[in-house]
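Got a new structure to get to know? Let's walk through its empty spaces and its cysteines, one question at a time.

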Amino acid sequence: MTVADAALETRREAAAASVKPAIAFLSFAGVTCALAPLAYVRMFSGFQPYDDEGIFLVALRDYLAGHPLMTSFVPLYGPFYFEVYGGLFKLLGIAPTHDSGRWLTLIVWLLASVAGGLIVLRLSRSVLLALAAQLLTFVVLGALAIEPTSTYGLSTLLLVALTGTATFRSARPRVTAVVIGGIVMALFLIKVNLGLFAAAATGLAWAASFDAFGRRLVLPVVGTLVSVLPVLVMWSLIRQTWVLEFAIVASCSVAAIAVTAVTSTRPAMPSPATGWLGAGAAAVAAVCIGTALAGGSRPTDIVNFLFVFPLRFPTVFTFPLNANVAVVGWAIFMLATAVAVTRIGEIPAPFRIGAGIFSWLTILLAPASVFLLALPLSWLAVRAPAGRGARSPDSYARLMVASLATIEALQAYPVAGTQTYLAAVGLVPVGAIVLNDGIRQLRASARWILGAPAALNVAAAALSGFVAFTNFNATMPLDLPGAYSTRVVPQQGETLRELIGSLPANHCSYLVTYPGMDSFYVWTDQQSSIEMRYGQWYLLLTPGEQTALVQQFQHQPGLCVIENSKLIDFWTKGRPPPSGQLVDFIDSRFVPAGTYGDYELLVRASS
């Protein structure tokens, strides 16, 4: 290519990179308006019997009523979630119910989808690729409708915001460092593991930002530590086959990113801004923990939440991830490829394009398991093509986006349920970077390739909409307090209404659910025990706490129990059946008063 040709190509690329704000705004607004009805029918269709939704609604109600945070009774979730969501409910003057909680989650879903598209727009300067990313993010985040009002919505929005902030880091190093530090701490104060993973990704990008001498000293050490993090996190269950396979895949994927970062020629990077990162984290911690302490939380509660219970949780409940030996082999092969590329140099454009499309395809088709195939490809986003173009993201953004997506995939351990979908969201901008790099290598002649993933994502959203509207039409309003817009299949609704309607006839004024099914406390005016809010209360309560509750319940008038043996089996997952003083008390002192589907109403036996 002659100098004149190169100059012409540079001008063309700069012209392609200049996005007209009006066109982008109208495009995103149009797609969002089209997706909003689909989000509504998905969000308000169905109710999961295991009832994580109820746990969050009742915990929010307890917080708004003055109950202190970070107690042993709702041990998984930190103060930031409650202070933000509780503050919103209080500001709007509405109570946390199934309907209001789902509206809030719907808004978060749409915001996160738009933000995901805008991040890709900033990374690629392609409106078409950005809109495709918005659609893909929306489809994957449909998992939020499974467990509305959970921490997943807020934590995902924060992770998306962290990714977006990284794209501005080189332009505004101090301000963005403060924001990044604050977001990492906010995630830490929602769920400790999310904050730990975000801190690890931030630490890798921080280490790569040192000057040549500091980079040679710090980056290999940090890269090694981050690479072994998956094994350390999963060590307590590492002998289980799926845990070992997941740990190997994650470690190889992170190691490939670290190797690429260490061996790349140091490009222009922002300063480490260590003090500013710490300032942002400290400010959020001071406000959040200070508010919790002012609300009655004790320092011991904070220590237990941050350090004690996270180590215990894998022994409480696990849900395996569908990993296998083939995926492990794929991850090892891609790590070897990343090492080999350090000597070869340039990565062929067709390989990048294929990898980008493949990543998006795995996220779209089966994020609950196949997203593991996309993790080992994340390192490709770190290594920029030769030459710098107007549509090429900077080196800090590349490293941060790729490492954050890969390390945050660890949130699928130890419960690979909804978390696997949320883990897949971070891979959307990674795939977009890789695909855009490949197209940029082939110059303008390859832009037509963007039509394929865009069309695929449109088709996926359309199919999702068809299924959602079909399911919506097959449901009816639950028609219980706080759940008048929430719809369920007719049989489920009839069962729940009949069960709740039987409570007055059986003189029930104080309710215990076994296992914890907190939505019943939202739908009724029954009093309940705060200590038994969490689903597996029989595993979390100490013998002393159980003794105190048994003594209380022996003299509690109007005490009734709603038991669901099918859910008990679900939570047990092969472990010994529930035991303890409270379980013995329920089994020996209560008798069935009626059966309603999978639910059984128990009343006190006549003496």
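Before we start, a word on names: helices are DSSP runs of H or I with at least four residues, numbered from the N terminus. Also keep in mind that this is a predicted model.

Q: What is the volume of the largest pocket?
A: A pocket is an open set of grid points, so we're asking about space that a probe can get out of. For the largest pocket here, the volume comes to about 1100 Å³.

Q: Which helix gives the most to the lining of the largest pocket?
A: Several helices chip in with at least two residues each: helix 3 (52-64), helix 9 (192-208), helix 10 (212-233), helix 13 (299-312), helix 17 and helix 24 (565-572). The lining has 45 residues, and Lys191, Asn193, Phe313, Tyr413 and Pro414 lie nearest the pocket's centre. With 6 residues, the top contributor is helix 13.

Q: How many residues in the lining of the largest pocket are nonpolar?
A: Let's split the lining by class. There are 3 charged residues and 8 polar ones, and the nonpolar residues number 34.

Q: How many cavities of 30 Å³ or more does the structure hold, and what is the volume of the largest?
A: In a cavity, a probe fits but cannot get out. The structure holds 4 of these at 30 Å³ or more. The largest has a volume of about 210 Å³.

Q: Which residues are the closest to the centre of the largest cavity?
A: Its lining divides into 12 nonpolar, 6 polar and 1 charged. Helix 5 (98-124), helix 7 (151-166), helix 16 (395-408), helix 17 (418-425) and helix 18 (427-442) each give two or more residues to it. Of the 19 lining residues, the closest to the centre are Leu159, Val160, Thr163, Val425 and Gly426.

Q: Which cysteines does the disulfide join?
A: A search of the whole structure turns up 1 disulfide. Its sulfur atoms sit 2.1 Å apart, which is within the 2.5 Å cut-off. The joined pair is cysteine 508 and cysteine 560.

Q: How many residues apart in sequence are the parts that this pair ties together?
A: Cysteine 508 is in the loop between helix 20 (490-505) and strand 3 (510-514), while cysteine 560 belongs to strand 5 (residues 559-563). So the pair ties together parts whose separation in sequence is 52 residues.

Q: Is the link of cysteine 508 and cysteine 560 left-handed or right-handed?
A: Look at the angle about the S-S bond, which is -85°. That link is left-handed.

Q: Is cysteine 252 buried or exposed?
A: Buried means under 20% relative accessible area. Cysteine 252 has 12%, so it counts as buried.

How values were computed:
Residues numbered from 1 in each chain as written. Predicted model: local features only at pLDDT ≥ 70, side-chain atom pairs only at ≥ 80, totals over all residues. Heavy atoms only, no water. 1 Å grid on protein atoms, 1.4 Å probe; cavity = no way out; pocket = protein on both sides within 12 Å on 5 of 7 lines; lining within 4 Å. Points joined across faces, edges and corners; volume = space filled by probe spheres on them. Nonpolar A, V, L, I, M, F, W, Y, C, P; charged D, E, K, R; others polar. Buried < 20%, exposed > 50% of the residue type's maximum accessible area, 1.4 Å probe, protein only.
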